[in-house]
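Work through the exercises below with the sequence and the model side by side, and try each task before reading its solution.

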Amino acid sequence: MPGSTHPDDALTRATVDLLRDLIRNACVNDGTADSGGEIRSVRTLEGFFAGSGLDLEVVEPHPGRASLITRIHGTDPGAPSLALVGHLDVVPVHEAGWSRDPFAAEIVDGEIWGRGALDMLCLTASYAAVTRAIATGSFRPRGDLVFAAVADEEAGSGLGVEWLTENRLDLIDADFVLTESGGVPVGPTPSISTTIGEKGLAGRRLVVHGTPGHGSAPWGARNAAIIAADAVYRLSRYHAPVQITPDWRRYVAALDLDPALAARLLDPVRIIDALHELGTLAGFAHASTHTTVSPNVVRAGDKDNVIPALATVTLDIRVLPGIAAADVDAYLREALGELMADVTIEGEGFEAATRSPIDTPLYDALGAAARRAYPNADLLPMLSVGGSDARFYRRRGIPAYGFALLSRRWDYGMFRQLFHGNDERIDVESVSLTVNALDAVVRDLHG
């Protein structure tokens, strides 16, 4: 194992046990207000912190949708504060696609299986273990240390960090923030992926208009379902303009690829034809260099013998830095072409991409922690193609990073594939590396 951590140390054992409990709580967030049930994991955390002397505050903006926050006050009021922000909810599972019970939290061949193991209950458990260890130990941080286990991240954070930001900012505010996602070793040195920013959001819905009729005579009908299917197909074939960002250039360099392939991946004209050569990294590579449009929910029809007059297509749109709301609508019109005569674009929501600087003492502490486990490793600053609670801090100018420390069995393709995927799991070695690195970061920053 790299570095000095060991999967049998007390910090690792506490994290593994808590992680398994959190997985078993099955706080599945399907996007509805009454799902999630994060109060179950809040009660688990209350038991975990019992006897620590910490003051725990629970907020519950909707029945069952609870977050738990605690703060260790530092010895120096002028020292920077650090918030460890982890979410408690997980996305739904398609149980038929799993090899094991997604909520049993089994340990098999050194891996903890279960929904949320990677996204992001491992980190939430690690944050809790570090916070408890500091609260009950002799070390006293100079700056405040905030632990926040929050609800609703998987559905946009309206009942989690967004609600806390608008209603109880005093609980979660800090000068620096750590959250998901990062820690994958990249390349031979290796470089350790560290999220410093993320793409923005621009949700849209297509309303498709057809003409109703009897399903027994479909020829020549203006069937809204068929028009919607054509729209979905066109969107799947559409590529927004390529953007070769500095983040993507750094990532390609860290991969240490064949120079000819690397050159194609950095060429706006040739990158699309080169993506398939990256295997499981292809989707991430495309999302890192394009504003993406994913038609994820399609609805049409009410009765099996009636040609539908209306269909809707809900789009998940993620925008790169520098892209505006008007650009998004222009991309949709370009992709749909003459279908726009039957389509209305609904929705004006827009959240720009966010980014944090890397010339901060926290970023330096992350690098030092990574090198304790992987000598000569550098941090690889990355733009996440997904979303996280970090954006609520970055919008207010607070540096927020996604950081962990995974074992060498991981590559970024597998990491992305298991996020929201079947057979989600994390190895105990990575849990040990992560929790010990986080403990070192807090002590380095606040020592």
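**Exercise 1: a helix and its surroundings**

The buried residues of α1 are L11, T12, A14, T15, V16, L18, L19, L22 and I23, in a model that is predicted. Find what these residues pack against, and check the length of the helix.

Solution. Begin with the partners: the buried residues of α1 pack against the helices α2 (39-48), α3 (117-136) and α15 (428-446), and also against the strands β4 (107-108), β5 (111-113) and β20 (425-427). Next, take the length: α1 covers residues 10-24, and because its 15 residues at 1.5 Å a residue should span 21 Å, the 21 Å between its end C-alpha atoms agrees. Finally, look at the two ends: at the start of α1 a side-chain oxygen of D9 comes within 3.1 Å of the backbone nitrogen of L11, while just after α1 the residue A26 has a positive phi of about 50°.

**Exercise 2: aromatic pairs**

Determine how the rings of Y238 and Y331 are arranged, and where in the chain they lie.

Solution. The whole structure holds 12 aromatic pairs. One of them joins Y238 and Y331, with 6.4 Å from centre to centre and 45° between the planes, and is tilted. The pair links distant parts of the chain, since Y238 lies in the loop between α6 (224-237) and α7 (246-255), whereas Y331 lies in helix α11 (residues 325-336), 93 residues apart. Under 20% relative accessible area counts as buried, so Y238 at 18% is buried, and Y331 at 13% is buried too.

Technical notes:
Residues numbered from 1 in each chain as written. Predicted model: local features only at pLDDT ≥ 70, side-chain atom pairs only at ≥ 80, totals over all residues. Heavy atoms only, no water. Helix = DSSP H or I, 4+ residues; strand = E, 2+ residues; numbered from the N terminus. Expected span 1.5 Å × (residues − 1). Buried < 20%, exposed > 50% of the residue type's maximum accessible area, 1.4 Å probe, protein only. Contact = heavy atoms within 4.5 Å. Polar contact = N/O pair within 3.5 Å; in protein donor to acceptor, adjacent residues only side chain to side chain. Phe/Tyr/Trp six-rings, centres within 6.5 Å; stacked < 30°, edge-to-face > 60°.
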